[in-house]
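Please walk me through this structure in plain prose, moving from single residues to the elements around them.

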Amino acid sequence: MFEALETRLRRYEELERLITDPKVISDTSAYQRNTKELASLRNIVSKYREYLKAQSDIGELEDLLKKKSNDTEFSELAKEELVALKKRKANFEKDIEDLLLEDDPDADKNIIVEIRAGTGGQEASLFAADLFRMYSRYAASQGWKVEMLSSSLSEASGFKEVVFGVDGNGVYRKMKFESGVHRVQRVPATEASGRIHTSTVSVAVLPEVEDVDIKIDAKDLKVDVFRSSGAGGQSVNTADSAVRITHIPTGIVVQCQDERSQLKNKNKAMKVLRARIMDKAETERQQKIAKDRKTQIGTGERSEKIRTYNYPDRRITDHRIGLTVHNLEGVLEGDLEEIIMELMKQEKDLKLKEAK
């Protein structure tokens with residue numbers, strides 16, 4: 001534990017130096033990245049410094065007690081202070097343990113969210129649009145910024161696929177639980193007999209990857225440009241502004257056409273590509289150690305059904321933790337906090353059990 005704390009303390013001190021460096025200050029993206037990391041470390045480093053101060057005070061007081069062992073009045077007062085200091089030290093240690101359990105290197109990273117319609121045809125695409133709206137509203141309630149990266153509309157004005165970025169503090173910490181299959185049970189607007197249909201939508205939440213975090217060789221990329229098209233394939237742009245990038249070693253393909261500028265589409269596609277490559281590597285690594293993981297909410301598999309939205313009963317059930325809330329309308333309007341906080345609590349409880 002203390003080795004991990006010393007590493008964080010050294011990194012915090014390094015970041016304090018970096019954000020005063022004129023070269024870093026002049027580089028807006030580097031400065032923002034460093035200040036964000038500094039903020040993410042501030043709480044645990046502050047607690048650790050308080051712990052070290054209490055430890056140092058205890059050592060000094062114990063040395064004084066040895067030197068003044070014949071001074072009865074001083075010894076009584078010093079012993080009382082020593083008890084209080086040791087209690088403070090123990091409290092700091094407990095706080096630090098809790099913070100370390102919650103610690104996640106990706107916790108404060110921005111994210112890329114990919115929503116894809118699954119089984120259910122047009123109804124699935126409509127629910128994909130509902131989820132996009134839900135996450136957009138939740139992001140707004142948290143003070144986060146949403147940026148559309150790519151989308152493919154269905155004929156029913158839903159989404160076959162929509163990819164968007166979310167920027168802000170603690171985004172991945174909360175949103176990581178949304179990865180998986182979301183199931184909806186409702187009567188489609190086109191269903192004359194009133195039968196309930198079940199459709200599915202898959203959601204992937206990827207921590208955003210900086211250029212410095214992953215090296216992509218230009219020779220490993222195949223870049224194609226073409227004209228943007230809307231639902232039904234009709235052209236929506238007369239210039240070749242849409243971009244498709246294929247990462248040859250992994251076979252990952254990313255396409256962006258929402259912007260009128262080819263350069264903007266390419267930049268957005270590269271942002272998504274970096275996240276997908278890193279996610280693929282991380283998924284493969286986690287699969288190798290999955291059998292030893294006991295602190296994970298659900299299986300972590302993309303194919304796992306994580307939540308059901310039942311319209312007739314106005315309820316939402318999260319199958320990973322057995323939580324049911326009867327607030328369907330509110331949740332779809334972005335009121336996700338109750339569900340996410342319960343998922344965070346359960347994850348912490350699992351980590352505490354594993355640590356014992």
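Glu259 is partly exposed, because its relative accessible area is 24% and the partly exposed class covers values between 20% and 50%. In this predicted model, Glu259 sits in the loop that links strand 8 to helix 7 (262-289). Apart from neighbours within four places in sequence, the contacts of Glu259 are Ser241, Lys264, Asn265 and Lys268. Glu259 can also be placed relative to Ser150: the two are 109 residues apart in sequence, and their C-alpha atoms are 8.8 Å apart in space.

Strand 8, which precedes that loop, belongs to an open sheet of 3 strands. The order of the sheet is 6-7-8, and the pairing is antiparallel. Strand 6 (221-226) and strand 8 (252-256) are the edge strands; each has a single partner strand, so one side of each has no neighbour in the sheet. On average, and with direction ignored, neighbouring strands here are turned by 15° against each other. Strand 6 is joined to strand 7 (residues 242-247) by 6 bridges, and the two run antiparallel. One position can be picked out in this pairing: Asp224 stands opposite Arg244 in strand 7.

Other strand pairings involve strands 1, 2, 3 and 5. Strand 1 (residues 111-117) pairs with strand 3 (residues 159-167) in the antiparallel sense, over 6 bridges. Within this pairing, Ile111 stands opposite Val166, and Glu114 stands opposite Val163. Strand 1 also pairs with strand 5 (residues 197-207), again in the antiparallel sense, here over 7 bridges. In strand 5, Leu206 is the bridge partner of Ile112. How much of strand 1 is buried? The count is 5 of its 7 residues, so strand 1 is largely enclosed by the rest of the structure.

Strand 3 has a further antiparallel partner in strand 2 (residues 145-153), to which it is joined by 8 bridges. Lys145 stands opposite Asp167 in strand 3. Strands 2 and 3 form a hairpin with 5 residues between them. Ser157 lies in the loop between these strands and has a positive phi of about 70°, although it is not a glycine. Ser157 counts as exposed because its relative accessibility is 61%, where the class begins over 50%.

A positive phi in a residue that is not a glycine is also found at Arg314, where the value is about 55°. Arg314 lies in the loop between strand 9 (305-310) and strand 10 (315-318). With a relative accessibility of 41%, Arg314 counts as partly exposed.

The next topic is helix packing. Two packed helices are described by the angle between their axes and the distance between the axes. Helix 1 (residues 2-18) and helix 3 (residues 28-67) pack at an angle of about 130°, with their axes 9 Å apart. That angle makes helix 1 oblique to helix 3, because angles over 115 and up to 145 degrees fall outside the perpendicular and antiparallel classes. The crossing of the two helices is left-handed. By class, their contact has 13 nonpolar, 1 polar and 8 charged residues. On the side of helix 1, the residues involved include Phe2, Leu5, Leu9, Tyr12, Glu13 and Glu16. On the side of helix 3, they include Leu38, Leu41, Ile44, Val45, Tyr48 and Arg49.

Arg49, found in helix 3, shows this contact from the viewpoint of one residue. Leaving aside neighbours within four places in sequence, Arg49 is in contact with Leu9, Tyr12, Glu13 and Glu16. The C-alpha atoms of Arg49 and Leu9 are separated by 8.6 Å, while the two residues are 40 apart along the chain. Arg49 is partly exposed, with a relative accessible area of 37%.

Last come the totals for the protein. There are 9 helices and 11 strands. Buried residues make up 40% of the 356 residues. Among contacts between residues at least 6 apart in sequence, 61% join residues at least 24 apart.

Methods. Residues numbered from 1 in each chain as written. Predicted model: local features only at pLDDT ≥ 70, side-chain atom pairs only at ≥ 80, totals over all residues. Heavy atoms only, no water. Axes fitted to C-alpha atoms, helices over the stretch in contact; angles between N-to-C directions. Helix = DSSP H or I, 4+ residues; strand = E, 2+ residues; numbered from the N terminus. Parallel < 35°, antiparallel > 145°, perpendicular 65-115°, else oblique. Left-handed = near helix turned anticlockwise from the far one by under 90°. Contact = heavy atoms within 4.5 Å. Nonpolar A, V, L, I, M, F, W, Y, C, P; charged D, E, K, R; others polar. Pairing = 2+ DSSP bridges. Buried < 20%, exposed > 50% of the residue type's maximum accessible area, 1.4 Å probe, protein only.
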